[in-house]
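Subject: Structure for your files

Hello,

Here is the structure you were due to receive. My notes on it follow below.

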Amino acid sequence: MTHQPINDAALDRLFRDARSENAWTGEAVPEALIRATYDLARMGPTSGNSSPARFVFFPKGEAREKLLPLISEGNREKTAAAPWVVVIAYDLAFADKMPELFPQRPDMFSGLRDRPEAAEIHAFRNGTLQGAYLMLAARALGLDIGPMSGIDARGIDEAFFLNDPQRQTWRTNWACNIGHGAGATFDRLPRLGFDSACVIL
């Protein structure tokens with residue numbers, strides 16, 4: 001099947017004019033839109049349909065207050081102001097979901113249960129990919145995003161995952177603010193051209 005390219009307005013929104021936001025308007029973002037963002041992002045491909053990413057969404061409230069000290073000081077104020085914050089994590093026990101995700105081969109990744117290092121590499125790689133899908137989905141649905149690696153990942157694990165039987169195999173990767181941006185963005189920095197970053201063999 002041959003597909004037509006999406007139009008320039010969509011390309012601008014997703015890539016060319018897109019910036020990481022550092023401030024937020026007071027406009028609320030309903031939970032239904034957050035759910036729609038995930039529902040779109042989950043359609044992106046992962047290896048073996050393993051879908052190891054786990055997303056923890058924080059609206060403003062008690063859980064957010066617990067999260068804020070684990071965000072680096074330079075990111076804390078904008079994280080406190082954002083309508084939503086999501087911690088993008090990955091599940092070391094992702095293989096347990098394979099009967100649901102790939103019923104034709106439910107044991108596809110069962111061998112990784114005894115190979116924790118290989119399981120973590122797989123979960124981290126594919127979970128990171130899913131986090132990128134989430135950012136693009138948010139932009140596609142009219143939201144702005146502010147991704148951050150300036151976090152205490154281990155502290156987040158200890159605060160929200162390790163002592164919870166339902167989430168003790170989850171591990172923090174990075175975090176992202178979501179909302180309607182106030183235009184506090186930086187000018188586009190240079191990107192590497194094709195000949196600097198690519199090779200055709």
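Is aspartate 12 buried, partly exposed or exposed? Aspartate 12 has a relative accessible area of 24%, and so it counts as partly exposed, because the buried class ends at 20%. Please keep in mind throughout that this is a predicted model.

Salt bridges

The search of the whole structure returned 9 salt bridges. Three of them, each within a helix, are described here.

Aspartate 12 pairs with arginine 16, with 2.8 Å between N and O. Both residues belong to helix α1, which covers residues 8-16. They sit 4 residues apart, or about one turn of the helix. Arginine 16 is also partly exposed, at a relative accessible area of 42%. This pair is part of a network of salt bridges that links Asp8, Asp12 and Arg16.

In helix α2 (residues 31-41), glutamate 31 and arginine 35 are again 4 residues apart, about one turn of the helix. Their salt bridge has its closest N and O atoms 2.8 Å apart. The two partners fall into separate accessibility classes: glutamate 31 is partly exposed with a relative accessible area of 42%, whereas arginine 35 reaches 54% and counts as exposed. The cut-off that separates them is 50%, because exposed is defined as over that value.

Helix α7 (residues 153-160) holds arginine 154 and glutamate 158, with a spacing of 4 residues, about one turn of the helix. Their side chains form a salt bridge with an N to O distance of 3.3 Å. Both ends are partly exposed: glutamate 158 has a relative accessibility of 43%, and arginine 154 has 48%.

A buried glutamine

One further residue may be of use to you when you go through the model. Glutamine 130 lies in helix α6, which runs over residues 116-140. Its relative accessibility is 4%, so glutamine 130 counts as buried. Which residues does glutamine 130 touch, not counting residues up to four places away in sequence? The contacts are Thr46, Ser51, Pro52, Ala53 and Phe55.

In short, the charged pairs described above join residues 4 places apart in helices α1, α2 and α7, while glutamine 130 in helix α6 is buried.

Regards

Definitions and conventions: Residues numbered from 1 in each chain as written. Predicted model: local features only at pLDDT ≥ 70, side-chain atom pairs only at ≥ 80, totals over all residues. Heavy atoms only, no water. Salt bridge = Lys/Arg side-chain N within 4 Å of Asp/Glu carboxyl O. Helix = DSSP H or I, 4+ residues; strand = E, 2+ residues; numbered from the N terminus. Buried < 20%, exposed > 50% of the residue type's maximum accessible area, 1.4 Å probe, protein only. Contact = heavy atoms within 4.5 Å.
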